[in-house]
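Here are my notes for your first read through this structure. Keep the 3D view open and look up each residue as we go.

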Amino acid sequence: TWHLERKSAGVAAVELDVEVVCRDGRCPVEEVVATASLASPAPAPLAAAHGRGAPDRPLRVEGLPFGEEVLLKVRAQNGVGASIAHVVRVRVPGKKLPQLL
């Protein structure tokens, strides 16, 4: 589900349904974390774009620029460490803002 933010011009948020697989009734995942970067030949991290949440709830990633294609890297983590990233490539809805020189 996409949310176009009104508080910040040209910025969107997305809610991702992340499925965490648990074995034998145990679930070692404490939280799910997402980071974002522009999907370009040389991916540039988007410092303002991030998400963090409980493994049993939709993960909201905020700070995504309108009209850009981005890579969302999603990891499960706990006190011991983090999983490898699962990467999702999406195009953010909205009109791309002109770049300032």
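**Notes on the model**

1. Let's begin with a residue that may catch you out. E68 is buried, because its relative accessible area is 18% and the cut-off for buried is under 20%. Keep in mind throughout that this is a predicted model.

2. Where does E68 lie? Look in the loop between β5 and β6. What is E68 in contact with, once its neighbours within four places in sequence are left aside? The list is L38, V90, R91, V92 and K96.

3. Now zoom out to the whole protein. The secondary structure comes to 0 helices and 7 strands, so if you read the elements from the N terminus on, you just get β-β-β-β-β-β-β, with strands counted as DSSP runs of at least two residues. Along its principal axes, the C-alpha trace spans about 55 × 30 × 20 Å.

4. A few totals are worth jotting down. The protein has 101 residues, and 29% of them are buried. Its accessible surface comes to about 7,000 Å², with 54% of that belonging to carbon and sulfur atoms. Take the contacts between residues at least 6 apart in sequence: 55% of these join residues at least 24 apart.

5. Next, have a look inside. The largest nonpolar core has 18 residues, and V61, L64, V70 and L72 are the ones with the most contacts inside it. Which elements give two or more residues to this core? They are β2 (11-16), β3 (31-38), β4 (45-53), β5 (59-65) and β6 (69-77).

6. L64 deserves a click of its own. Setting aside neighbours within four places in sequence, L64 is in contact with W2, G10, V11, A12, V14, A36, A49, V70, L72 and V92. Two of the names there, V70 and L72, also belong with L64 among the core residues that have the most contacts inside the core.

7. Then there's the largest pocket, which holds about 240 Å³ of space. The elements giving two or more residues to its lining are β6 and β7 (86-91), and β6 gives the most, with 4 residues. In total 13 residues line this pocket, and V18, E19, A76, S83 and H86 lie nearest its centre. Sorted by class, the lining has 8 nonpolar, 3 polar and 2 charged residues.

8. Compare E68 with a residue in another loop. I84 is found between β6 and β7. Is I84 buried or exposed? I84 counts as exposed, because its relative accessible area is 67% and the exposed class covers values over 50%.

9. What does I84 touch, not counting residues up to four places away in sequence? Just look for V74 and R75. I84 and V74 are 10 residues apart along the chain, and their C-alpha atoms are separated by 8.3 Å.

10. Last one: E15, which lies in strand β2. Its relative accessibility is 30%, so E15 counts as partly exposed, the class between under 20% and over 50%. For a distance to try yourself, go from E15 to V33: the two are 18 residues apart in sequence and 12 Å apart in space, C-alpha to C-alpha.

Notes. Residues numbered from 1 in each chain as written. Predicted model: local features only at pLDDT ≥ 70, side-chain atom pairs only at ≥ 80, totals over all residues. Heavy atoms only, no water. Core = buried A, V, L, I, M, F, W, Y, C linked by side-chain atoms within 4.5 Å. Buried < 20%, exposed > 50% of the residue type's maximum accessible area, 1.4 Å probe, protein only. Contact = heavy atoms within 4.5 Å. 1 Å grid on protein atoms, 1.4 Å probe; cavity = no way out; pocket = protein on both sides within 12 Å on 5 of 7 lines; lining within 4 Å. Points joined across faces, edges and corners; volume = space filled by probe spheres on them. Nonpolar A, V, L, I, M, F, W, Y, C, P; charged D, E, K, R; others polar. Areas by Shrake-Rupley, 256 points an atom, 1.4 Å probe, with all protein chains shown as cover.
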